[in-house]
Amino acid sequence: MRYAYAITSAVLLGGAAAAMTLQPPATAQTAQNEPSAMAALAPRAGAPISFADLVARLQPAVVNISTKQSIKVPQQNANPFAGTPFADLFGGQGQGQGAPTPPPVTREAQSLGSGFLISDDGYVVTNNHVVAPGAKGASVDSITVTLTNRKEYVAKLIGRDPASDLALLKIEAKGLPFVKFGDSERARVGDWIIAIGNPFGIGSTVTAGIVSALHRATGQGGAYDRFIQTDAAINQGNSGGPMFDLNGNVIGINSQIFAGQSGGNIGIGFAIPAGEAKPIIDKLMQGTTIARGYLGVSMLPLTEELAAPLGLPKNSGEIIRSVSPGEPADKAGVMVGDVIVAVNGQAVTQDSSLSYLVSNVKPGTRIPLDIIRNGKKQTLSVVVGTRPSEDALAAAASGTPDDDAMAQPDTDGPASPVANKLGLAVVPLTPQIARNIGVDSTVKGVVISGTDPTSDAGQKLKRGDVIISVNGSAVDTPAALSAIVAQSIKDGRPSVLLYVQRQRLPAQFVPVKLKK
């Protein structure tokens, strides 16, 4: 279970600040961060002397969230001699040798997180992982929301969206303090922010820091791997709490941290931008199904290592690693090895990934995909589909791969000429070899029959791996492989990009440096 935390640990330096006047409490119909109320509170110029008046205004809208979950765990056997001939020394109690395994027992577990009120009648925003079942077979029995005045309410789960890690709760109360979403697109690196939450269940806590980065990818992939990074201290239990700018606007929802060996805050935390969260929360509140665009591909960012063999600039597009049969990309003619550089006229970059751009297209819309295939640009037309649920995607991606120790081809075969520069000997992939090495009969390519351990390829690949394509071009003979490598050398490229299948594992792109 991942934890989302707020982060802020900045040294506050003295400096000029606007005079602050404590305002009367907001009415039940007025947001705590109403611009007219915030104008006299938010420091404008220089480093703030204190956040105290700002926090006093905002903190009542931040809540603690706790859940109780029923988790099934294996039953511990009370008989220390269970499974031995002496099991009956316990008078028949416990499990003797050959007895059936006792059924699992149900235990209660608790989790803590944070959230914030967005209406005076009790709607609460938090992270999905705060209220989602934390273990397989678990169920959430109850959710409790605690206000800063220590009043507790039983909360109802209105809706949750695992893809964006957002959830909406409702408590039955009126006249509650609440806050509104702001415009996260106006945030700039270096802006002060305040994070409020309930870390470690010790009570409402405030931390401060700056925006460290925008549109930050954490490496998880997907349409929502695009966060506001902050150095504000965020720890376990801060998940779901708000990130405020100095105008009191919610510009983010504290969601994750990059933890050190201790597992705690090291000054790198992440928040879901308000601009991405608010439309989802609005749909959850309305009970509307959240539909996202979908192509049916897996891809990799075009890093320098992957881009160099293709003669393309790094971080400009994403390379297609697999295409799901029958899905929109397959119907449009997208192929493994294609580099998608633009979606509907928008460039695919580190800040705007392929997943992000496609997910924001309405399903059923026909859009152009600009791709590079075999070094040539072309445009494909695709009708965007509807993204399946996260559970369905996880089930489709799951599988039990065979053991990594691969069966070997029944022949080493002759060393091909490519061995001199690539460091590999290959032979054609015959049906018999395919059976021996455990690859599907539909796979086409050449199989590695020997490696040079001093080469880059020899350190990354092994005997029995199947090379399906090189630099985007399919290969089915050693001669074809040699020709592509020779062309790469002629073009002055120091490496090639192999597409490799190992047993029944998903095929992978492997950049390989050529021997000098």
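These legends go with several close-up views of a predicted model.

**Figure 1. The whole chain, as a starting point for the close-ups.** Before we zoom in, here is the overall picture of this predicted model. The secondary structure comes to twelve helices and 27 strands. Of the 516 residues in the chain, 47% are buried. The chain exposes about 24,700 Å², and carbon and sulfur atoms supply 52% of that area. Among contacts with a separation of 6 or more, 65% are between residues 24 or more positions apart.

**Figure 2. Strands E8, E9 and E10, with E9 paired to E8 and to E10.** Start with strand E8 (residues 192-197), which runs antiparallel to strand E9 (residues 205-216) and is joined to it by six bridges. A handy landmark here is Trp192, which stands opposite Ile210 in E9. Strand E9 also pairs with strand E10 (residues 227-230), again antiparallel, through three bridges. For this second pairing, look for Ala213, which stands opposite Gln229 in E10.

**Figure 3. Ala52 and Val206, brought together from distant places in the sequence.** Ala52 lies in helix H2 (residues 52-58). With a relative accessibility of 47%, Ala52 counts as partly exposed. How far apart are the C-alpha atoms of Ala52 and Val206? They are separated by 9.9 Å, while the two residues are 154 residues apart along the chain.

**Figure 4. Strands E17, E19 and E20, with a hairpin between E19 and E20.** Strand E17 (339-343) runs antiparallel to strand E19 (residues 366-373), and four bridges join the two. Within this pairing, Val339 has Ile372 of E19 as its bridge partner. Strand E19 is joined in turn to strand E20 (residues 376-383), antiparallel once more, by eight bridges. Here Ile367 stands opposite Val382 in E20. The hairpin of E19 and E20 has two residues between the strands, and Asn374 takes a positive phi near 55° there.

**Figure 5. Asp165 and Asn344, two loop residues with positive phi.** Most residues other than glycine have a negative phi, which makes the next two worth a friendly second look. Asp165 is not a glycine, yet its phi is positive, at about 60°. Asp165 sits in the loop between strand E6 (156-161) and strand E7 (166-170). Asn344 is not a glycine either, and its phi is positive at about 55°. The loop that holds Asn344 connects strand E17 (339-343) and strand E18 (346-347). Is each of them buried or partly exposed? Asp165 counts as buried, at 2% relative accessibility, whereas Asn344 is partly exposed, with a relative accessible area of 42%.

**Figure 6. Gln501, a buried residue with a polar side-chain contact.** Gln501 belongs to strand E26 (residues 495-501). Its relative accessible area is 10%, so Gln501 is buried. What does the side chain of Gln501 reach at 2.5 Å? The partner is the backbone oxygen of Leu505. Setting aside neighbours within four places in sequence, Gln501 is in contact with Val439, Val443, Asp465, Val466, Ile468 and Ala507.

**Figure 7. Phe116 and Phe181, an edge-to-face aromatic pair.** The count of aromatic pairs comes to four. In the pair shown here, the ring centres of Phe116 and Phe181 are 5.9 Å apart and the ring planes stand at 80°, so the pair is edge-to-face. Phe116 lies in strand E2 (residues 105-117) and Phe181 in the loop between E7 and E8, so the pair ties together parts that are 65 residues apart in sequence. Both Phe116 and Phe181 are buried.

**Figure 8. Lys170 and Arg226, two charged residues over tyrosine rings.** In one view, the charged end of Lys170 sits over the ring of Tyr123, 5.4 Å from the ring centre. In the other, which residue lies over the face of Tyr356? That residue is Arg226, at 3.9 Å from the ring centre. While you are here, Lys170 can also be placed in strand E7 (166-170).

Definitions and conventions
Residues are numbered from 1 along each chain as its sequence is written. This is a predicted model: local features need pLDDT of at least 70, side-chain atom pairs count only at pLDDT 80 or more; totals for chains, interfaces and linings use all residues. Side-chain values use heavy atoms; hydrogens and water are left out. Buried means under 20% relative accessible area, exposed over 50%, partly exposed in between (1.4 Å probe, protein chains only). Two strands pair if DSSP finds at least two bridges between them. A polar contact is a pair of N or O atoms within 3.5 Å; within protein, one must be able to donate a hydrogen and the other to accept it, and residues adjacent in sequence count only if both atoms are side-chain atoms. Contact means heavy atoms within 4.5 Å. Accessible areas come from the Shrake-Rupley method with a 1.4 Å probe; for residues, only the protein chains shown count as cover. Rings of Phe, Tyr and Trp (its six-membered ring) pair if their centres lie within 6.5 Å; planes under 30 degrees apart count as stacked, over 60 as edge-to-face and the rest as tilted. A charge sits over a ring if NZ of Lys or CZ of Arg is within 6 Å of the ring centre and within 35 degrees of the ring normal.
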